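Subject: Structure for you to look at

Hello,

I am handing over the structure we talked about. Please open it first, then read my notes below.

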Amino acid sequence: MPARTPSQTVGPFFHEALRWKDGARVSLATAGRHIVLTGTLFDGAGAPVADALVETWQLGPDGQAPRGATAGQPHGFGRVQTGQDGAFRIETSMPGGALPCIEVTLLARGLLKALRTRVYLAPETEVRGDPQLQALQGSPRIATLVARAQGADEFRWDVRLQGDGETVFFAP
Amino acid sequence: MNDMTRPDGIDPPYLYTDYRSTRLRAPREPLLALPQGALDRPGPLVPAGFVRDGDNDLTTRGRAAPLGEKMVVSGRLLDEAGRPLRRSLVEVWQANASGRYAHPGDQHDAPLDPNFVGTGRTLTDDDGWYRFVTIKPGAYPWQNHAFAWRPQHIHFSLLGNAPVQRLVTQMYFPGDPLLAIDPVYNSVPDVKARERMVCSLALETGIEGIALGYRFDIVLAGAQATPREP
């Protein structure tokens, strides 16, 4: 049985290699309700993380895992780079399922391995009922996984890598 | 460390103070363990048309050949059960032969090469094989500590076939004296695991009289996710 290859940082110079033409517009076989997810990444000193890669993976509006691709783009997958202000923006469709959420992977200089987290597009009271988050029952940290609705179809979700308000990250 | 949830010493911790940039970016709270298998499901499926012929040759982007030692790097992409990952996306990027990236953020005072961009992508074949034609990247200084130099390396990004398999790593070269002082390389706790990031010279995989050959196999986590049909 072969042994795993270790993780290393993506470093600061990945932009050209990992830029996808339509990475910021998630495609799906059947587009559902169009939504926009925006946010900013902050480090432990509160400074924006200007050189991160944000990847998203989600269910289709029908609640099924996407399996196909259109126009050269895998369904259900988004990839964007944060700007100088640490901000990212992704357009997609509202995921299906009882508790809509988007899986998020973060890569950056200073991250020797990917950070994994999740953003819920549902009210916090409902998110608290997710059995996958049972270990956080009663913790205010659950709020770090919940996007705030801004207007009809826009959601805002900031990520704090370290310190006050640190986002909940998942074990590998 | 709060994050050694895979206690095999293979992956680096988030906080590794010798690598300065980890200090303000490593999470300090305990990581949340999701139920077993939560991330081991089929992930994004990259279509064949995503990669074009020639995307795996980094030496043909300019009007002339890039400077440097021409090389072929090839290997297999496997999971921990030894099964090949088929038609899985491999993306690479690297510095030119002088140790300079074609990137606006790279301030190293070494020349850019107009014939070298340093990015490539490919899909593995039915047996998990990938292959890139490129030039050997140069070492370069960085700001981490006094006299810090990164060993020669090529960055690899692997999408895998399930979210748990997503991996970004770096491939190093055998016998590089800079490995001993590199905090990124040495952040991997297990010495044998570190050595798996070092490719091996495999002359016969190169091009006779033209390019050196290096072999670099990559093993991803998991996965119980059933390999999908194309």
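Leaving aside its neighbours within four places in sequence, which residues is A:Pro48 in contact with? They are A:Thr40, A:Leu41, A:Phe42, A:Asp85 and A:Gly86. Please keep in mind that this is a predicted model.

To find A:Pro48, go to chain A and look in the loop that runs between strand S1 (34–42) and strand S2 (52–58). A:Gly83 is a further residue to look at here: its C-alpha lies 9.1 Å from that of A:Pro48, with the two positions 35 residues apart in sequence terms.

Is A:Pro48 buried or exposed? A:Pro48 counts as partly exposed, because it has 16 C-beta neighbours inside 10 Å. A buried residue would need 20 or more, and an exposed one would have 12 or fewer.

Now to chain B. Two helices and 11 strands make up its list of elements. Along the sequence their order is β-β-β-β-β-β-β-β-α-α-β-β-β, with the two helices following one another after a run of strands and before the last strands.

On overall dimensions, the C-alpha atoms of chain B fill a box of roughly 55 × 50 × 30 Å along the principal axes. The radius of gyration of chain B is 18 Å, which agrees with a compact globule, because a globule of 230 residues would have a value near 17 Å.

Of those 230 residues, 45% count as buried. Among contacts in chain B with a separation of 6 or more, 70% are between residues 24 or more positions apart.

Regards

Conventions:
Residues are numbered from 1 along each chain as its sequence is written. Chains are lettered from A and ligands numbered from 1 in the order in which they are written. This is a predicted model: local features need pLDDT of at least 70, side-chain atom pairs count only at pLDDT 80 or more; totals for chains, interfaces and linings use all residues. Helices (H or I, at least four residues) and strands (E, at least two) are DSSP runs, numbered from the N terminus. Two residues are in contact if their C-beta atoms, placed from the backbone, lie within 7 Å. The radius of gyration is taken over C-alpha atoms; the globule rule is 2.2 Å times the number of residues to the power 0.38.
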